[in-house]
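Biologist: I have a structure open and would like to learn how to read it. Could we take it feature by feature?

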Amino acid sequence: MRRNKVTAAQDRRGFTLIELLVVVAIIALLISILLPSLARARELSKRTVCAANLKGTGTGFYTYGHENNDDWPAAASVPATRQDVTGAVYVKQISAKRGTSGAPQMGETLTTHIYVSTVRNFWTLVRTGASGPKSFICPSSEDQPNPEANPQDYWDFGLGDFPNTSDTTVTEANCQAGYKQVSYGYQVPYGRLGRPSSDRDQEMPLAADKGPYGYNIDGGQGSALAAPNTIPDSTSSPDEWRKYNSPNHGGFGDGEGQVVLYADGHAEFQTTPIVGVGKDNIYTRWVNDTALTWENRVGGTAPVSIIRENSNAAPVSNTDSVIYP
C-alpha cells in the first residue's frame with residue numbers, strides 16, 4: 001500500500017527543470033526553422049499584391065487609352081527638340097508642380113511648363129476615379145499612400161500646394177513627401193519616341209517598381225550605378241544584379257527584383273531589370289539607337305539629376321524602356 005502511494009506522488013511531480021529546458025530548446029529550434037519560411041511566404045504574398053496593383057494600373061491605362069487614341073497619360077510639357085532628351089525635366093520633380101484643380105499648371109503656359117514628374121501620369125487615374133492612392137503602394141516597400149481627403153483636387157503625389165517656379169526652388173522635403181507616396185515608375189512620356197501607348201510592342205515594359213536611380217529622389221546613391229563597365233554580363237546570376245534592381249523588394253543595393261507591367265496588360269516579377277523587347281535595362285536609356293551592344297542596352301544612360309546631368313534623358317527608340325523613378 002505504501003509503495004502505491006509513493007508511485008502516485010511521483011506521477012504528480014510534473015516536469016523536472018532539465019525536461020522543461022529541453023522542451024523550450026525544441027520550441028526555440030522549431031521557431032528558428034519556421035520564421036524564415038514564414039517571412040518568405042509573406043514576401044511572396046506581398047509580391048502578388050504588388051503585381052495585382054500594377055495589373056490594375058494597366059487596366060486603368062487601357063481604359064484611358066481607349067478614350068484617347070490609344071495613348072496613355074502624358075502630362076503637358078515643353079515638346080522635345082532632340083531624340084535623346086525630353087523637353088521636360090522630370091527627375092526630382094514629384095509634387096513640384098502639384099497644383100490644385102483650379103491651377104494645374106501653377107500659372108505656367110505650355111511653353112514654360114518644363115518641370116514635371118513622370119508619376120504625375122499615375123495621378124491621372126486618381127483624378128478620373130480609375131484608381132485610388134493605395135493602388136500605387138507596393139506592400140514590400142516602406143511607402144505610405146497619399147492621405148488627402150480629396151485627392152482628385154490635385155495633379156500629383158505629395159502633400160500641400162508648392163508654388164515653385166523652377167527646379168531650383170523644389171525642396172527635398174517636398175519631393176520626399178511625394179516620392180514616399182508612390183512605389184512605381186512610369187515609362188518616360190515626354191520624348192519623341194517610346195511614349196506609353198496601347199499600340200506599343202506587347203512585350204514593352206511601360207511601368208514597374210521604382211528603380212535604383214530614383215533612390216533618394218535625385219539618383220544620389222543610384223547615380224553610382226550608371227557606369228556601363230560596372231554592370232554584370234549576360235552570364236551573371238540574379239544575385240549579381242541585386243543593386244541594379246528596384247529597392248522595393250529587399251532595399252537599395254539588395255533588391256531581389258521588380259514587378260514589371262507590360263504593354264499587353266500583364267504584370268510579373270522579374271529577378272533582373274533586363275527584360276522587354278530588346279532585353280534592355282528598363283531603368284536606363286540606350287546610349288544610342290544604332291550600336292546595340294550589351295553596354296549600350298544594359299548600361300546605358302541613367303536618369304540622374306546631379307548638376308542636372310541626364311535629368312531629361314528620353315527613350316531613343318520605340319522599344320527603349322526608360323522607367324522612372
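Modeller: We will go through confidence, fold, surface, sheet, a covered helix and salt bridges. Keep in mind that this is a predicted model.

Biologist: Then confidence comes before the rest. What pLDDT does the chain average, and which residues have a pLDDT that stays under 50?

Modeller: pLDDT is the predictor's confidence in each residue, from 0 to 100. Here the chain averages 80, and 78% of the residues score at least 70. Residues 103-111 stay under 50, and the model gives that stretch 18 contacts beyond four places in sequence. Residues 161-169 are also below 50, with 22 contacts beyond near neighbours in sequence.

Biologist: Now the fold. How many helices and strands does the chain have?

Modeller: There are five helices and seven strands. Going along the sequence, the pattern reads α-α-α-α-β-β-β-β-β-β-α-β. So that you can see how the parts come together, look at contacts too: of those between residues at least 6 apart in sequence, 72% join residues at least 24 apart.

Biologist: What share of the residues is buried?

Modeller: Buried residues account for 48% of the 325 in the chain. The accessible surface comes to about 15200 Å², and carbon and sulfur atoms hold 55% of that area.

Biologist: Where on that surface should I look for a nonpolar patch, and which residues make it?

Modeller: A general idea helps with helices. An α-helix has 3.6 residues a turn, so residues three or four places apart point the same way. In this model, a nonpolar surface patch of about 1100 Å² is made by I18, V22, V23, I26, I27, L29, L30, I31, I33, L34, L35 and L38. One of these, L35, is found in helix α2, which covers residues 17-66.

Biologist: Is L35 buried or exposed?

Modeller: Neither label fits. L35 has 47% relative accessibility, so it counts as partly exposed; the exposed class begins over 50%.

Biologist: On to the sheet. In what order do the strands lie?

Modeller: Strands of a sheet pair through backbone hydrogen bonds, either parallel or antiparallel. This open sheet has five strands in the order β4-β3-β2-β1-β7, and the pairing is antiparallel. The edge strands are β4 (267-270) and β7 (323-324); each has a single partner strand, so one side of each lacks a neighbour in the sheet.

Biologist: How many bridges join β1 to β2?

Modeller: Three bridges join β1 (residues 184-187) to β2 (residues 205-209), and the two strands run antiparallel. To place one pair yourself, find Y184, whose bridge partner in β2 is D209.

Biologist: Which residues of helix α3 are buried?

Modeller: Helix α3 spans residues 120-127 and is mostly covered, with six of its eight residues buried. The buried ones are R120, N121, F122, W123, L125 and V126. After α3 comes G129, whose phi is positive, near 80°. S131 lies in the loop between α3 and α4. At 13% relative accessibility, S131 counts as buried. Apart from its neighbours within four places in sequence, S131 is in contact with L125, V126 and F136.

Biologist: Last, the salt bridges. How many does a search of the whole structure find?

Modeller: The search finds six. For each, check where the partners sit and how covered they are. D143 pairs with K210, with the closest N and O atoms 3.2 Å apart. This pair links distant parts of the chain: D143 is in the loop between α3 and α4 (172-179), while K210 is in the loop between β2 and β3 (258-262), 67 residues apart.

Biologist: Are D143 and K210 buried or exposed?

Modeller: D143 has 10% relative accessibility and counts as buried. K210 is at 2% and counts as buried as well; the limit for that class is under 20%.

Biologist: Which salt bridges does R242 form?

Modeller: R242 forms a salt bridge with D239, where the closest N and O atoms are 3.2 Å apart. The side chains of R242 and D254 also meet in a salt bridge, at 3.1 Å from N to O. Both R242 and D254 are in the loop between β2 and β3, 12 residues apart. D239 is exposed at 55% relative accessible area, R242 is partly exposed at 21%, and D254 is partly exposed at 39%.

Biologist: And which residues are linked in a network of salt bridges?

Modeller: The network links E43, R47 and E256.

Methods. Residues numbered from 1 in each chain as written. Heavy atoms only, no water. Helix = DSSP H or I, 4+ residues; strand = E, 2+ residues; numbered from the N terminus. Buried < 20%, exposed > 50% of the residue type's maximum accessible area, 1.4 Å probe, protein only. Contact = heavy atoms within 4.5 Å. Areas by Shrake-Rupley, 256 points an atom, 1.4 Å probe, with all protein chains shown as cover. Patch = residues over 30% accessible without salt bridge, like charges linked within 9 Å, V, L, I, M, F, W, Y side chains within 5 Å. Salt bridge = Lys/Arg side-chain N within 4 Å of Asp/Glu carboxyl O. Pairing = 2+ DSSP bridges.
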